[in-house]
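Please report on the sheet and the cysteines of the structure shown here. Keep it short.

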Amino acid sequence: SIWSHLRYYIHHKERGPVYVICPNTDLIVPQTQYIGIRHDVTIQCGENGSNKNNCTIQGGINPIRVLDTPKASLTMVGVTMSEASGTAISIDLGRDDVGISFIDCAWEDNVFSENDMEG
């Protein structure tokens with residue numbers, strides 16, 4: 001699946017290039033999978049990063065997790081997060097210098113409860 005490929009490429013790269021998702025793509029996330037962000041990563045919808053390009057990351061419990069590593073940072077550009085059953089994006093708060101940016105992103109129909117909080 002496209003989700004599996006994106007997950008693999010982000011996990012195995014030492015440096016974070018821009019990962020461009022093709023317009024009109026729905027990435028379906030299995031409930032137990034997530035992308036662990038360990039370095040500088042940008043996930044972008046289409047070449048221009050517009051939300052109008054219609055890229056959706058759909059489902060999962062916590063589909064994207066920014067991990068507690070020295071180089072972890074995340075920029076999301078033009079992506080819609082949809083139907084996550086936990087937090088759509090979670091952050092390990094062991095550091096105070098985690099960089100996260102959202103540009104032209106949207107959140108739709110995500111479900112979160114206090115029971116989803118760890119610790």
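What follows covers the sheet, the cysteines and one threonine of this predicted model.

**The sheet**

Four strands make up an open sheet. Their order is 1-4-7-10, and the pairing is parallel. Strand 1 (18–21) and strand 10 (99–103) are the edge strands, each pairing on one side only. From one strand to the next, the twist averages 10°. Strands of a sheet pair through backbone hydrogen bonds, either parallel or antiparallel.

One pairing can be followed in detail. Strand 1 pairs with strand 4 (residues 40–45) in the parallel sense, over four bridges. Tyrosine 19 has isoleucine 43 in strand 4 as its bridge partner.

**The disulfide**

How many disulfides does the structure hold? It holds one. Cysteine 45 and cysteine 55 form the link, with their sulfur atoms 2.1 Å apart. The link is right-handed, with 75° about the S-S bond. Cysteine 45 lies in strand 4 and cysteine 55 in strand 5, so the disulfide ties together parts that are ten residues apart in sequence.

Both partners are buried. Cysteine 45 has a relative accessible area of 0%. Cysteine 55 has 1% relative accessibility and counts as buried too.

**Cysteines outside the link**

Cysteine 22 is in no disulfide. Its nearest cysteine sulfur belongs to cysteine 55 and is 7.8 Å away. Is cysteine 22 buried or exposed? At 55% relative accessibility, cysteine 22 counts as exposed.

Why does cysteine 105 form no bond with cysteine 45? The closest cysteine sulfur to that of cysteine 105 is in cysteine 45, and the 9.2 Å between them is too far for a bond. The cut-off for a disulfide is 2.5 Å between cysteine sulfur atoms.

The sulfur distances are set out below.

| Cysteine | Other cysteine | Sulfur distance |
|---|---|---|
| Cysteine 45 | Cysteine 55 | 2.1 Å |
| Cysteine 22 | Cysteine 55 | 7.8 Å |
| Cysteine 105 | Cysteine 45 | 9.2 Å |

**Threonine 56**

Strand 5 (residues 55–59) also holds threonine 56. Threonine 56 counts as buried, at 10% relative accessibility. Which residues does threonine 56 touch, not counting residues up to four places away in sequence? They are Thr25, Asp26, Leu27, Thr80 and Ser82.

Key:
Residues are numbered from 1 along each chain as its sequence is written. This is a predicted model: local features need pLDDT of at least 70, side-chain atom pairs count only at pLDDT 80 or more; totals for chains, interfaces and linings use all residues. Side-chain values use heavy atoms; hydrogens and water are left out. Helices (H or I, at least four residues) and strands (E, at least two) are DSSP runs, numbered from the N terminus. Buried means under 20% relative accessible area, exposed over 50%, partly exposed in between (1.4 Å probe, protein chains only). Contact means heavy atoms within 4.5 Å. Two strands pair if DSSP finds at least two bridges between them. Axes are lines fitted to C-alpha atoms, for helices over the stretch in contact, and angles run from 0 to 180 degrees between N-to-C directions.
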